[in-house]
Amino acid sequence: MKTRLLGNIEVSEIGMGCMAFSHGYGKIPPEEYSVEAIRNAQRHGCTLFDTAEVYSPGLAGIGHNERIVGKALEPVRDDVVIATKFFLDRSEVRHGSVYDAVRAHLEASMERLRTDRVDLYYLHRTSGGVRLEDIAEAMGRLIADGLIRGWGLSQVDVDVIDRAHRVTPLSAVQNIYSMVERDVEKAVIPYCLENHIGLVPFSPIASGLLSGKITTETKFETYDDVRTWVPQLSRANIRGNQPIIDLLGDYAEKKQATSAQISLAWMLRKYSNVVPIPGSKNKERIMENLDAAEVELTDEEFSALDEALNRCRVYGHRGFTR
Ligand SMILES: NC(=O)c1ccc[n+]([C@@H]2O[C@H](COP(=O)([O-])OP(=O)(O)OC[C@H]3O[C@@H](n4cnc5c(N)ncnc54)[C@H](OP(=O)(O)O)[C@@H]3O)[C@@H](O)[C@H]2O)c1
């Protein structure tokens, strides 16, 4: 697969979101299935794997997903880029330095990930009440220590990105971005492009909506399933967003691809610094999503698709909260 840069970290142009093996989309597969699915993705050319310390069933524990990712990638550790994330609350720095607190999170993640370094370390949310500049400075020290290669922020607007980037240059920003969540196009992506920061879209298939496989009849799971509250997936909004689903369906037919692939090919074609991390707990769909890198939209096809999309109203908006 072709590669792109997140800061100075080279990754496959489509990465793999590993969250659903532990959290967010209902029942989780057996561990061996998840490990095999991750290894298959790596053999298929994927080199970016995304996890977080908090991804555990029901968000009730710590580290379930990191353990799976660590087990899967241990044999190929030097060939892949592992990205993980941590939260930091002000109570954790009451009696010690921010650096020590961040390092404690990192060391626990490294142990679960069976590695001596994390390639890309994200602050998961900036809401913990710790001064961002202090965290950025700690990240700079961790880079100097050789414990991380680069750092990133998640769900942040451009003023926050700028404050952090001035202290320790960011490698990546991980925000929600898809055909139905386009806030980042206004200021975040232009800033990132200008400053050589990668933009890693999470939920790039809008939690399944853009695959065209979700209908008003689809029943979501009752336990630990984000689709029960993702705004675009309410019955009324699925109906409202049908023109976008139809548009993708038309292109899929024309390009002999799937709707999910077209939605990923669209963002790859639109911005050179975008590296989506679609998530799936299904081995076949993981391959399908990685193969979106092979779907090339011509200039004409891209412009027509983008313009048609701009004419569609989007029903439901998640934004930077949650
Ligand atoms: N930074 C943050 O705050 C944050 C928040 C959320 C997620 N993330 C990261 O971003 C990654 C991706 O997010 P996400 O999982 O919400 O994204 P997503 O890929 O937009 O949505 C996943 C959902 O779409 C379905 N799906 C995926 N590909 C499909 C396809 N080709 N055809 C039909 N259905 C398909 C999956 O079902 P199946 O599993 O049945 O295939 C699953 O229900 C996560 O794994 C996580 O690493 C980060």
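Leaving aside its neighbours within four places in sequence, Arg-117 touches a run of residues made up of Gly-146, Leu-147, Ile-148 and Arg-149. Arg-117 sits in the loop that connects helix α3 (98–113) with strand β6 (118–123), and one of the residues it contacts, Ile-148, belongs to strand β7, which spans residues 148–154. This picture, like everything that follows, comes from a predicted model. Ala-187 is 70 residues away from Arg-117 along the chain, and the C-alpha atoms of these two residues are separated by 32 Å.

**The protein as a whole**

The protein contains eleven helices and nine strands. Its radius of gyration is 19 Å, close to the 20 Å that the globule rule gives for 322 residues, and it is therefore as compact as a globular protein of that length. Taken along the principal axes, the box filled by its C-alpha atoms is roughly 55 × 40 × 35 Å. Of the 322 residues, 48% count as buried. When contacts with a separation of 6 or more are considered, 75% of them are between residues 24 or more positions apart.

**The hairpin at the start of the chain**

Strand β1 (residues 3–6) and strand β2 (residues 9–12) pair in the antiparallel sense, and four bridges connect them. Together the strands β1 and β2 make a hairpin in which two residues lie between them, and Gly-7 in the turn has a positive phi of about 60°. Within this pairing, Arg-4 has Val-11 of β2 as its bridge partner. The side chains of β1 alternate along the strand, with Arg-4 and Leu-6 pointing to one face, where they are buried, and Thr-3 and Leu-5 pointing to the other, where they are not.

**The open sheet**

Strands of a sheet pair through backbone hydrogen bonds, either parallel or antiparallel. Whereas the hairpin is antiparallel, the open sheet of this protein has parallel pairing, with seven strands in the order β3-β4-β5-β6-β7-β8-β9. Strands β3 (16–17) and β9 (198–202) are at the edges, each of them pairing on one side only.

Which residues of β5 point one way, and which the other way? Val-81, Ala-83 and Lys-85 point one way, while Ile-82, Thr-84 and Phe-86 point the other way, and all of these are buried. Strand β5 (residues 81–86) is accordingly described as mostly covered, with six of its six residues buried. Strand β4 (residues 48–50) runs parallel to β5 and is joined to it by three bridges, and in this pairing Asp-50 has Ala-83 of β5 as its bridge partner.

Further along the sheet, strand β7 (residues 148–154) and strand β8 (residues 172–176) also pair in the parallel sense, over three bridges, and Gly-152 stands opposite Ala-172 in β8. Helix α4 (residues 132–145) lies across β6 and β7, and runs at about 160° to β7.

**Two helices that meet**

The axes of helix α2 (residues 64–73) and helix α3 come within 7 Å of each other and cross at roughly 50°, which means that α2 is oblique to α3. On the α2 side, the residues that meet α3 are Glu-66, Arg-67, Val-69 and Gly-70, and on the α3 side they are Ser-109, Arg-112 and Leu-113. The residues of this contact divide into two nonpolar, two polar and three charged.

**Three partly exposed loop residues**

Arg-117, with which this report began, can be set beside two other loop residues. His-196 is placed in the loop between α6 (188–194) and β9, and Asp-224 lies in the loop between β9 and α7 (235–240). His-196 has a phi near 55°, a positive value in a residue other than glycine, and the phi of Asp-224, likewise a residue other than glycine, is also positive and near 55°. The table gives the C-beta neighbours of each.

| Residue | C-beta neighbours inside 10 Å | Counts as |
|---|---|---|
| Arg-117 | 16 neighbours | partly exposed |
| His-196 | 15 neighbours | partly exposed |
| Asp-224 | 18 neighbours | partly exposed |

Why does Arg-117 count as partly exposed? A residue is buried if 20 or more other C-beta atoms lie within 10 Å of its own, exposed if 12 or fewer, and partly exposed in between. Arg-117 has 16 C-beta neighbours inside 10 Å, and therefore counts as partly exposed.

Note on methods:
Residues numbered from 1 in each chain as written. Predicted model: local features only at pLDDT ≥ 70, side-chain atom pairs only at ≥ 80, totals over all residues. Pairing = 2+ DSSP bridges. Rg over C-alpha atoms; globule rule 2.2 N^0.38 Å. Contact = placed C-beta atoms within 7 Å. Axes fitted to C-alpha atoms, helices over the stretch in contact; angles between N-to-C directions. Parallel < 35°, antiparallel > 145°, perpendicular 65-115°, else oblique. Nonpolar A, V, L, I, M, F, W, Y, C, P; charged D, E, K, R; others polar.
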